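Here are my notes on the model you sent. They are set out as numbered points, each on one topic.

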Amino acid sequence: TGAKTLLARSKYKYRINDAINKQHEKFGSNWDQILSYEGKELKRRVDPFRTADLSSYLKIAPFIGGALYLGTLFIQQSIPELFIFAYPAAVFVLVIPVIYIVLTL
């Protein structure tokens, strides 16, 4: 059964390579653009919430959020008139890297 499986895999591999080559010939110079678009589309369907792209930021986000929380809490207690500016600024600092990563990758 192992030889049959190996033979079936090589047949599928040949069919896939043949189909790719036919598509490459069909699209010619537009192949790179189409491949790039399809790759992005596949990535979007597999990971719709971009967790793979955001994983490095999400590892440090709790620490950033904690520091921002403590900072805004300090401002709220010591300089309450600045709190209305500090809170939106803290949210902006926490969220803007996520927006940047989602829009650029």
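1. Nonpolar surface patch. In this predicted model, Tyr87, Val91, Phe92, Val93, Val95, Ile96, Ile99, Val102 and Leu103 make a nonpolar patch of about 800 Å² on the surface. One of these residues, Val93, lies in helix α4, which covers residues 83-104. Val93 has a relative accessible area of 42%. That value falls between the 20% limit for buried and the 50% limit for exposed, so Val93 is classed as partly exposed.

2. Helix α4. This helix has 22 residues, and the distance from its first C-alpha to its last is 31 Å, close to the 32 Å expected at 1.5 Å a residue. There is nevertheless a kink of about 35° at Val95, shortly before the proline Pro97. Val95 is also one of the residues that make the nonpolar patch. The buried residues in α4 are Ala86, Ala90 and Ile101, and the buried residues of this helix pack against α3.

3. Ala90. Is Ala90, a residue of helix α4, buried or exposed? Its relative accessibility is 13%, under the 20% cut-off, so Ala90 counts as buried. Leaving aside neighbours within four places in sequence, Ala90 is in contact with Leu68 and Thr72. Tyr69 is 21 residues away from Ala90 in sequence, yet the two C-alpha atoms are 7.7 Å apart in space.

4. Helix α3. Residues 51-78 form this helix of 28 residues. From first C-alpha to last, α3 reaches 37 Å, which is close to the 40 Å expected at 1.5 Å a residue. A bend of about 40° is found at Tyr57. Tyr57 is also among the buried residues of α3, together with Asp53, Leu54, Ala61 and Thr72. The cover over these buried residues includes α2 (31-46) and α4.

5. Thr72. This residue lies in helix α3. Thr72 has a relative accessibility of 10%, under the 20% limit, and is therefore counted as buried. Which residues does Thr72 touch, not counting those up to four places away in sequence? They are Phe83, Ala86, Tyr87 and Ala90. Of these contacts, Ala86 and Ala90 are buried residues of α4, while Tyr87 belongs to the nonpolar surface patch.

6. Asp53. An acidic side chain among the buried residues deserves a separate entry. Asp53 is placed in helix α3. At 15% relative accessibility, under the 20% cut-off, Asp53 is counted as buried. Not counting residues up to four places away in sequence, Asp53 touches Lys43, Asp47, Ile101 and Leu105. Ile101 is itself one of the buried residues of α4.

7. Salt bridge. How many salt bridges does the structure hold? There is one, and it is formed by Lys22 with Asp18. The closest N and O atoms of the pair are 3.4 Å apart, and the pair therefore meets the criterion of a nitrogen within 4 Å of a carboxyl oxygen. In general, side chains of opposite charge can pair when their charged atoms come close. Lys22 and Asp18 are separated by about one helical turn because they are four residues apart in helix α1 (residues 2-27). Lys22, at 52% relative accessibility, counts as exposed. Asp18 is partly exposed, with a relative accessible area of 29%.

Conventions:
Residues numbered from 1 in each chain as written. Predicted model: local features only at pLDDT ≥ 70, side-chain atom pairs only at ≥ 80, totals over all residues. Heavy atoms only, no water. Patch = residues over 30% accessible without salt bridge, like charges linked within 9 Å, V, L, I, M, F, W, Y side chains within 5 Å. Areas by Shrake-Rupley, 256 points an atom, 1.4 Å probe, with all protein chains shown as cover. Salt bridge = Lys/Arg side-chain N within 4 Å of Asp/Glu carboxyl O. Helix = DSSP H or I, 4+ residues; strand = E, 2+ residues; numbered from the N terminus. Buried < 20%, exposed > 50% of the residue type's maximum accessible area, 1.4 Å probe, protein only. Contact = heavy atoms within 4.5 Å. Expected span 1.5 Å × (residues − 1). Bend = angle between axes of the 7 residues up to and from the residue.
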